[in-house]
Every structure is written in C-alpha cells, then in structure tokens.
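This report concerns a protein–DNA model and is intended to be read beside its sequence and coordinates.

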Number of protein chains: 2
Amino acid sequence: MVDNPSARKLVEVALDEFAARGFHATTTRDVSTKSGLSPAAMYVYYSSKEELLFQIALIGHSAARDRLDDALANVDPSEGSATRLEVILREFIFWHAEHPTLARVCEYELQHLSAEHVAQIEQIRHDIQTTVVGEVQRGVESGEFDVPDVRFATMALTALAIDIVRWYTPGAGITPTELADNLAVLGLKMVAA
Amino acid sequence: MVDNPSARKLVEVALDEFAARGFHATTTRDVSTKSGLSPAAMYVYYSSKEELLFQIALIGHSAARDRLDDALANVDPSEGSATRLEVILREFIFWHAEHPTLARVCEYELQHLSAEHVAQIEQIRHDIQTTVVGEVQRGVESGEFDVPDVRFATMALTALAIDIVRWYTPGAGITPTELADNLAVLGLKMVAA
DNA sequence: GTCTATAGATGGATAGAC
DNA sequence: GTCTATCCATCTATAGAC
C-alpha cells in the first residue's frame with residue numbers, strides 16, 4: 001500500500017483522525033506528532049493535507065472495487081442472480097464494517113478533495129456502481145428480481161451498507177460477518193420477485 | 001421557529017453553510033457576512049458557533065419527531081401494521097428529502113456538539129427510534145412482518161432514509177414525494193412476511 | 001442591536017540547518 | 001529524511017463606541 005514506514009504511519013494516523021474528527025478539524029500538526037514526527041515531516045511525503053486525504057480515498061476505493069471484483073470472479077457464473085447479488089452485498093457490507101474508519105472517510109470526506117481529485121475518485125465509484133447495477137439488471141431480466149427501477153434499487157441496496165459507517169464500530173455488539181450476513185438477507189428481500 | 005429576523009437569517013445561512021462545507025470548514029465570519037451582518041453580530045444571538053449548530057440540530061430533530069408523531073396520529077389505529085409502517089417510512093423519507101440541508105446537518109454534524117448538547121439531541125433521536133421500533137414490533141406480533149431482529153430491521157429501514165442526505169438535492173431528477181413513495185415500498189418488502 | 005477594531009490563538013506550509 | 005524555527009494567513013470571540 002505505502003512502503004515507506006513514515007509515509008505509512010502518516011496515512012494510518014491521518015485516517016484515524018479524519019474518521020474521528022473530520023478532515024477540516026484535523027490538524028497536520030496532530031497527524032505528524034501522533035506519527036512520531038515533526039510538523040514539517042509530513043511535507044516530505046505529501047504535498048498538502050488534501051493530498052493525504054486523496055491518497056487515503058484512493059487506497060480505500062481501490063480496495064473496495066478490487067474486493068468486489070475478486071468476490072464476483074470466484075462465483076460460478078452459472079449461479080443465479082440471487083446468489084451473485086448476495087455475494088456482492090455481503091462483500092460490500094463486510095468491507096464497510098471491517099474497515100469502518102477507511103470507509104467513513106471514503107463516504108463522508110470526499111467534499112474536501114480538489115475538483116481534479118474528486119473526478120478520479122468518482123471514476124472508481126462509477127465502476128463499483130456499474131458492477132452492482134449489472135447484477136441487479138441481470139436478476140430482473142431472469143425474473144428472479146422485481147424492481148420498478150434498477151438504478152433506484154441499487155441506490156437503496158448500497159445505502160444499507162454505506163449508512164453503517166455513520167454508527168458502526170467493531171465493538172458495537174455485532175461482528176462484521178454477522179452484520180454482512182443479516183443485512184444481505186434484508187437487501188435480497190428488497191429486490192426479490 | 002426563530003422570531004427575530006437577524007437570528008433567523010443567521011440560522012438559515014449557517015444551515016446552508018454547515019450542510020455544504022461542514023461545521024468546521026464554516027467560518028462565523030462567513031455566516032455573519034452572508035446574513036448581512038458584521039462578524040460580531042452573531043454573538044448577540046448565539047454564544048458560540050457550537051450553540052448555532054445546537055439550535056439547528058434542535059430545530060431539525062424536533063421537527064422530524066413531530067412530523068412522525070402527527071402522521072401516526074392521523075392514521076386509523078385499526079389499520080394494519082403495513083399501512084402504519086408505510087406512513088412512517090414515507091414521512092421519514094420525505095422529511096429527509098424535503099429538507100436536505102437540515103437533515104444533512106442533523107445526520108452528519110452532531111459530532112461537533114458538546115457532550116451536553118449531544119445528550120439532548122440523542123434523547124430526541126431515541127424517541128424517534130422508539131416510534132419506528134414500536135411499529136415494526138407490532139407488525140411482527142401480528143404476523144404481517146417477519147424479521148429476525150426488530151432493532152436490526154429498524155436500523156436498515158432508517159438507513160434507507162438517512163443515506164439520502166449524502167447525495168440528494170431537490171434538482172436530482174426525482175421529487176421528494178416520488179423518492180418517499182418508491183423507497184417506502186422497498187422498505188416494506190424488506191420486512192414483509 | 002449593530003458596528004469597527006482587535007485581541008489571542010491556531011493552523012498550513014516553508015526555510016534552512018544537520 | 002528529519003529537525004527547529006517561523007512566516008503568514010485565518011479564525012473565534014471580545015471590547016467598546018454609537
């Protein structure tokens with residue numbers, strides 16, 4: 001992910017701070033100090049605070065996209081849409097619950113990126129959405145699903161996962177796996193024929 | 001809501017700014033200037049920026065709670081749980097879509113409140129949650145609904161509404177009414193027996 | 001109740017030594 | 001590559017005149 005130890009530590013600390021306090025409420029001094037470095041050291045690895053946020057957003061979105069793609073690649077293509085969508089939902093929900101700070105920054109702090117950086121992140125988000133939309137569409141065509149609008153249903157499905165990051169922490173009395181299993185079932189009922 | 005014209009204008013401007021940029025990225029100078037006042041005038045009506053946020057959170061949460069209660073009071077108690085829950089869901093979703101800036105601040109900016117103010121807001125949120133949980137519970141008891149866990153299902157239902165504020169603006173190609181109607185249907189399918 | 005002026009503190013980023 | 005020192009802008013909040 002990030003090979004240099006200092007650069008990596010800075011990202012890890014910034015991730016925790018951004019998730020806990022928000023981008024604007026986090027100071028570069030705090031990130032550097034909590035990383036065991038001087039306030040100036042951050043600028044050796046990242047040109048600005050915004051660049052640090054961008055790297056985090058890039059790491060998070062790439063990881064989420066790759067996990068979805070990998071999960072789908074490991075499902076027998078002859079499986080029905082319900083199975084394939086369940087795999088996607090579980091993976092998507094699980095990712096948000098397993099990496100709550102990273103997911104939180106990815107879902108809530110993008111407004112603080114520059115226009116150029118936002119565009120790059122939006123491209124990855126578009127890819128992810130296309131993947132989910134494709135599976136819902138397939139299920140509608142096969143008759144397994146019944147929804148009035150595929151994109152609208154996809155929005156509702158992803159909302160189930162995304163809203164997790166507003167409140168979930170690993171010590172919330174339910175494991176990421178349980179959360180993913182139970183929520184995926186509800187999501188499937190939502191689109192079922 | 002707020003009777004004094006200047007106090008009201010300050011709240012309105014602050015609401016827009018907090019929703020667009022976040023609490024910490026919004027400056028009191030900006031709020032005052034955009035309200036047609038000097039930077040100092042804000043402190044005549046609000047003791048701090050945090051107090052301004054608290055008043056907004058109070059207005060929003062009280063309004064949401066009252067709308068839910070009113071809507072339920074106008075439903076024939078002999079109606080089935082599906083109808084009653086549909087009314088709640090539509091109202092809750094509609095409120096988030098109709099007041100996207102207010103809802104956004106209420107859902108995403110509470111972390112910037114003082115511990116004391118958070119506690120007051122959490123009380124109202126608790127009341128709202130109790131209302132929704134109650135209707136889901138009734139539907140489970142009557143056999144109209146079938147969910148493994150009432151609180152978990154309630155979390156999923158409210159997530160559908162809350163995640164709207166992350167992306168929705170009135171010019172997004174769908175009206176609040178349409179959004180509420182279509183999303184409430186999906187929510188009902190999620191808990192249906 | 002609104003203003004101008006400013007205190008007092010903090011934060012992003014840079015300069016230059018080692 | 002990391003440091004100390006610091007510039008300079010910005011921000012919350014207050015003082016005191018009108």
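The sections below describe the contacts with DNA strand C, the second largest pocket, and selected buried residues.

## Basis of the report

The model is predicted.

## Surface near DNA strand C

There are 17 residues around DNA strand C, and those that come nearest are A:Thr28, A:Arg29, A:Lys49, B:Ser38 and B:Tyr45. Of the atoms of DNA strand C that come within 4 Å of the protein, 57% belong to sugar and phosphate. By class, this surface has seven nonpolar, seven polar and three charged residues.

Individual polar contacts involve both backbone and side-chain atoms of chain A. A polar backbone atom of A:Thr28 is 2.7 Å from a phosphate oxygen of DNA strand C, and a polar backbone atom of A:Thr26 is 3.2 Å from a phosphate oxygen of the strand. A:Arg29 addresses a base: an N or O atom in the side chain of A:Arg29 is 3.0 Å from a base nitrogen of DNA strand C. Two elements give two or more residues to the surface near the strand, namely α2 (28-34) of chain A and α3 (42-45) of chain B.

## The second largest pocket

The second largest pocket holds about 250 Å³ of space. It is lined by 15 residues, of which A:Met1, A:Val11, A:Leu15, A:Ile59 and A:Leu102 are the closest to its centre. Elements of chain A that give two or more residues to the lining are α1 (5-21), α4 (49-73), α5 (81-98) and α6 (100-108).

Within this lining, α1(A) gives the most, with four residues. The class composition of the lining is 10 nonpolar, two polar and three charged residues.

## Buried residues and cysteines

A:Leu183 is part of helix α9 (residues 176-191) of chain A. Its relative accessibility is 1%, so A:Leu183 counts as buried, the cut-off for that class being under 20%. A:Leu183 and A:Phe92 are 91 residues apart along the chain, and their C-alpha atoms are separated by 11 Å.

What is the status of Cys106 in chain A, buried or exposed? A:Cys106 counts as buried because its relative accessibility is 2%. For chain B, B:Cys106 likewise counts as buried, at 2% relative accessibility. The count of disulfides over all chains comes to zero, where a disulfide would require a pair of cysteine sulfur atoms within 2.5 Å.

Note on methods. Residues numbered from 1 in each chain as written. Chains lettered and ligands numbered in written order. Predicted model: local features only at pLDDT ≥ 70, side-chain atom pairs only at ≥ 80, totals over all residues. Heavy atoms only, no water. Buried < 20%, exposed > 50% of the residue type's maximum accessible area, 1.4 Å probe, protein only. 1 Å grid on protein atoms, 1.4 Å probe; cavity = no way out; pocket = protein on both sides within 12 Å on 5 of 7 lines; lining within 4 Å. Points joined across faces, edges and corners; volume = space filled by probe spheres on them. Nonpolar A, V, L, I, M, F, W, Y, C, P; charged D, E, K, R; others polar. Near = heavy atom within 4 Å. Polar contact = N/O pair within 3.5 Å; in protein donor to acceptor, adjacent residues only side chain to side chain.
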